[in-house]
Amino acid sequence: MKLVTSLTSPYGRKVRVVLAEKKIPFQLQVENPWAPDSAVPTYNPLGKVPVLVLEGGVSVFDSRVIVEYLDHASPVSNLIPAEHKSRMAVRGIEALSDGVTDAAVALFLERKRPAEQQSADWLVLQEKTLFRGLEALAEALGENTWFLGNGITLADVACGCTLGYLDLRFPEIDWRTAHPNLAKLADKLATRASFQDTVPVV
């Protein structure tokens, strides 16, 4: 199988971490979806990364669908619980993490526009969403080592990738001081090869 993604995509990183945790071999095709000559639309009509291309050329997107597929593709390191309540808890944290990432990406893209074209109201809206999301993640984690149970799940992977994206694009946001429990989780994840090998590259 082949993963088409950029090295800065937090959604792509989530998939790469899952591939590593589940020890699934794959070919990495690095693409910039914003480039005029990008090959991404060849694989995904929406023009977004990541895209998982299976043998036979079948494309799977977006990241939430991809990780669902991967978790069933190998019995190694199940990251999504089978039990319904636990499963919903993990997928809920993934959705919350992705929502914070969505807001962060929207902020980053808006700030790249010429100052006179930027929408102050849009920036404020995304900032509020981002900070509310971080508070909710911190509250959900509480004093626990992991979001669910005694080991890593997709919830931790998704949150870790979100926090990594904030470090990459918004170093001025001191989320570590505001939420020391999230900082502790991020530090724990940073010791894993799956996170060390997927640190975003600008």
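**Sheet, core and open spaces in a predicted model**

Strands β1 (residues 2–5) and β2 (residues 27–30) run parallel and are joined by four bridges. Helices (H or I, at least four residues) and strands (E, at least two) are taken here as DSSP runs, numbered from the N terminus, and two strands pair if DSSP finds at least two bridges between them. The model is a predicted one, in which local features need pLDDT of at least 70 and side-chain atom pairs count only at pLDDT 80 or more, while totals for chains, interfaces and linings use all residues. Residues are numbered from 1 along each chain as its sequence is written, and side-chain values use heavy atoms, with hydrogens and water left out.

Within the β1–β2 pair, Thr5 has Val30 of β2 as its bridge partner. The chain passes from β1 through α1 to β2 in a right-handed β-α-β crossover; right-handed means that, with the strands pointing away from the viewer, the path from the first strand over the helix to the second runs clockwise. The wider arrangement is an open sheet of four strands in the order β2-β1-β3-β4, with mixed pairing. Its edge strands, β2 and β4 (59–60), each pair on one side only. At the β4 end, strand β3 (residues 51–53) and β4 run antiparallel and are joined by two bridges, with Val53 standing opposite Ser59 in β4.

Two cis peptide bonds are worth a look in the viewer. One runs from Val49 to Pro50, with omega near 5 degrees, and Pro50 sits in the loop between α2 (40–43) and β3. Another joins Phe61 and Asp62, with omega of about 5 degrees; Asp62 belongs to the loop between β4 and α3. For context, most peptide bonds are trans, and most residues other than glycine have a negative phi.

Positive phi values appear at Lys23, near 55 degrees, and at Ser77, near 50 degrees. Lys23 lies in the loop between α1 and β2 and counts as exposed because its relative accessibility is 66%. Ser77 lies in the loop between α3 and α4 and is partly exposed, with a relative accessible area of 33%. On this scale, buried means under 20% relative accessible area, exposed over 50%, and partly exposed in between (1.4 Å probe, protein chains only). Gly142, in the loop between α5 and α6, is also partly exposed, at 23% relative accessibility. Between Gly142 and Leu109 there are 31 Å in space, C-alpha to C-alpha, and the two are 33 residues apart in sequence.

Turning to the interior, the largest nonpolar core holds 48 residues, and Leu130, Trp175 and Leu182 have the most contacts inside it. Such a core is a set of buried Ala, Val, Leu, Ile, Met, Phe, Trp, Tyr and Cys residues joined through side-chain atoms within 4.5 Å. Two or more residues of this core come from each of α1, α3, α4, α5 (120–141), α6 and α8, and α6 gives the largest share, eight residues.

The open spaces come next. On a 1 Å grid over the protein atoms alone, a pocket is an open set of points with protein on both sides within 12 Å along at least five of seven lines, a cavity is a set where a 1.4 Å probe fits but cannot get out, and lining residues have an atom within 4 Å of a point. Grid points are joined across faces, edges and corners, and a volume is the space filled by probe spheres set on the points.

The largest pocket holds about 850 Å³ of space. It is lined by 28 residues, and Ser9, Tyr11, Trp34, Val49 and Val105 are the closest to its centre. Helices α1 (10–21), α3 (63–73), α4 (84–112) and α6 (154–169) each give two or more residues to this lining, with α4 giving the most, six residues.

The second largest pocket has a volume of about 230 Å³. Its lining counts 15 residues, with Arg13, Gly160, Gly164, Asp167 and Ala190 nearest the centre. The largest share, five residues, comes from α6.

The structure also holds one cavity of 30 Å³ or more, and the largest cavity has about 40 Å³ of space. Pro10, Tyr11, Lys14, Asp98, Thr101, Ala158, Cys161 and Thr162 form its lining.
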